[in-house]
Every structure is written in structure tokens, then in C-alpha cells.
Amino acid sequence: MRAAASLLPSGPSLGTDYESRMLRTVSPTRWSQPHWRILCYHTVPDSLTDVFRAQLTAFRDMGFCFVDLDQGLKLCQGQGFTRPTMTVTFDDAYLTTYTNALPVLEELGIKGFHYLIVDYVNKGRTYRAENPLPAMTWDNVRDWVRRGHGVGSHTFTHAYLLTCSDSDLIHECALSKQVLEEKLQVPIRHFAYPCGLHSMRTYRLIKAAGLYDSVATIRRGRMWAGHDPYKLRRDVCDPKWPLESVVRVMRLADRWYWLGCVRRCLHRHLCERRRRRLDQEHGYRI
Ligand SMILES: [Zn+2]
């Protein structure tokens, strides 16, 4: 068993009780089965940058290797995963992703991926949250891309797609892609639902539009080879949360995934049994 202290970053003490609490021990745990999971961060405040570093270091200690989103998708649609694999993503274009998270990613040799709200970058601040925060500028985003990190669309205005008309939904998806490609001169092939809100309608519309190669939700859980790229799962993660809570929620999601499989198998079995019974009793099929 690994000592809890191994999850703490080396070097000088973090100094505050609050930060120490955030880094408290997680139960010794390793993900040994090959699979892929994607983390979803938003802000990384100055005061929690060390905690963010410690979280990623802890996941590496738990057995994960980090890949960028394109590598993960390639493995997912091809040969599959040979070890626990993780991708780090960010949503919304918060400035702290550039000022605080980027140096940590580079220190750890991780390529991140940022789903951007175009209008937040245009205006230099976020405006959907209760407390607007500074957003990345176009120069920040260009530097992020120049350093080898990925960008995708998160709509133009952080629109809630469930309540959008079909045409507004496509407009949000297409306009954000067009502006990002014009400003950054790179293809934009990946999209994430604002607040993770999606339905079969949004799934069908975005897939049929052919604008993107993948779409990310915030439904938690693991992914394996053959997973639908238009339903990517992501584990929302926050440096404010104690690592033990993050790991517990991820474990819980894994357990619910298997319960979901069992439920679907049971449902299929019961349907099949009912079909056979009706066949025998009435001589017709349903
Ligand atoms: Zn968002």
C-alpha cells in the first residue's frame, strides 16, 4: 500500500490547512484494467494550482498514462487501450487555464484540450456564471495551440442546447467552429455540450450536421474501444474537491456503469422471454 504522503507534491509545504485538507489521503487504489477516461476541469485558481498539480500526479501514481484527445480517440476507434489512459480537458475559456493550468501541464508533460466559448474569448470574460471571471484572449488561445495543446468548440455563447430550436442549435455549433478556425487557422473537430446538456435530438442533429468528429458530455465513466465518439464521457473534476471525493465519485460511476449493463441485459432478456411467450400463445411476433 502506498503511503498517503506520496500523493502530496514534493517541495515546500503548501502552507494552509485548507490546501492540506484538499490533498488528504485517498484510499490506496489503482486502476489496473485498460480503459480511457477524460477529466473535465473549469477554473484552476491561483490558490489551488498546487492541488491541481497534486491531483494529476496522483492519477499518474494510480496507473494512468496521459494522452491528448486525438490520441485517445484514435485508440478508441482502433486498436483499443493497453493500460489505464487519461485525457485532461477544460471548458469555457477561463483565463486561469492559461495562467495556472498550462504551466502545470507542461511541467508534467501532459497535452491538454480546451473546449472554448467563442464569445467569452471575444469579450475577455465569462458571463453565464454568477460571478463573471476573466477569459483567455485570442493571443492566449493562439499560444495554447502553438504549445501543442488542443482546442474545440463549446458553442458560441454557452447556449443551453436542449431549449434551442434546431436551427439555433446548428447555428451555435457552426458559427463557433467557423470563428475558431478563422482566428486560429487550425481545424476544429471536437465539440462539448454546454453544461453537458444533451438528448437524442441534439445527438442526431450534431452528428447529421457533420461538423465534428467527436462530442463530449459530462456523463461520468470509463470508455473502451468502439465507444461512440459522439457520446464521450467525462469526469468533472475540481481542484476544490478533496482527491478522496474525486476518486470515490469515479469509482461509484464505474460501479453504476456495470449496474446499467446488468439492467440492459435483464431488460433484453425479459423482452425476449415475453416475445417467445406471445409467439407460443398467439402465434404472432411483436
Ligand atoms: Zn461550459
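Two strands pair if DSSP finds at least two bridges between them. With that in mind, you can follow strand β1 in this predicted model, where Leu39 stands opposite Asp235 in strand β8. The briefing below starts with that strand, then visits a helix pair, the nonpolar cores and the model's confidence.

**Strand β1 and its partners**

- Strand β1 covers residues 35-41, and seven of its seven residues are buried, so the strand is largely enclosed by the rest of the structure.
- In a regular strand the side chains alternate between the two faces of the sheet.
- Here, His35, Arg37, Leu39 and Tyr41 point one way from β1, while Trp36, Ile38 and Cys40 point the other way.
- On one partner, strand β3 (residues 84-91), β1 is joined by seven bridges, and the two strands run parallel.
- Within that pairing, Tyr41 of β1 faces Phe90, which stands opposite in β3.
- The other partner described here is strand β8 (residues 235-236), which also runs parallel to β1 and is joined to β1 by two bridges.

**Helices α2 and α4**

- Helix α4 spans residues 95-108, and its axis comes within 10 Å of the axis of α2, with a crossing angle of roughly 35°.
- If you look for the handedness of this crossing, you will find that it is right-handed.
- From α2, the residues Thr49, Phe52, Arg53 and Leu56 meet Asn100, Ala101, Val104 and Leu108 of α4.

**The nonpolar cores**

- The largest nonpolar core has 56 residues, and the members that touch the most other members are Ala93, Ala101, Leu116 and Val121.
- Helix α2 (residues 49-61) gives the most to this core, contributing six residues.
- Apart from the largest core lies another one, made of six residues, including Trp36, Leu69, Leu73 and Met223.
- Ala101 is a good residue to click on: leaving aside neighbours within four places in sequence, Ala101 is in contact with Tyr41, Val44, Phe52, Phe90, Thr96 and Gly112.
- Two of those contacts link back to the strands above, since Tyr41 and Phe90 stand opposite each other in β1 and β3.

**How confident is the prediction?**

- Across the protein the pLDDT averages 86, and 83% of the residues score at least 70.
- Over residues 1-15 the pLDDT is below 50, and this stretch has 20 contacts in the model beyond near neighbours in sequence.
- Residues 22-28 also have a pLDDT below 50, with 21 contacts in the model beyond near neighbours in sequence.

Definitions and conventions:
Residues are numbered from 1 along each chain as its sequence is written. This is a predicted model: local features need pLDDT of at least 70, side-chain atom pairs count only at pLDDT 80 or more; totals for chains, interfaces and linings use all residues. A nonpolar core is a set of buried Ala, Val, Leu, Ile, Met, Phe, Trp, Tyr and Cys residues joined through C-beta atoms within 7 Å. A residue is buried if 20 or more other C-beta atoms lie within 10 Å of its own, exposed if 12 or fewer, and partly exposed in between; C-beta atoms are placed from the backbone. Helices (H or I, at least four residues) and strands (E, at least two) are DSSP runs, numbered from the N terminus. Two residues are in contact if their C-beta atoms, placed from the backbone, lie within 7 Å. pLDDT is the predictor's confidence in each residue, from 0 to 100. Axes are lines fitted to C-alpha atoms, for helices over the stretch in contact, and angles run from 0 to 180 degrees between N-to-C directions. A crossing is left-handed if the near helix is turned anticlockwise from the far one by less than a right angle, and right-handed if clockwise.
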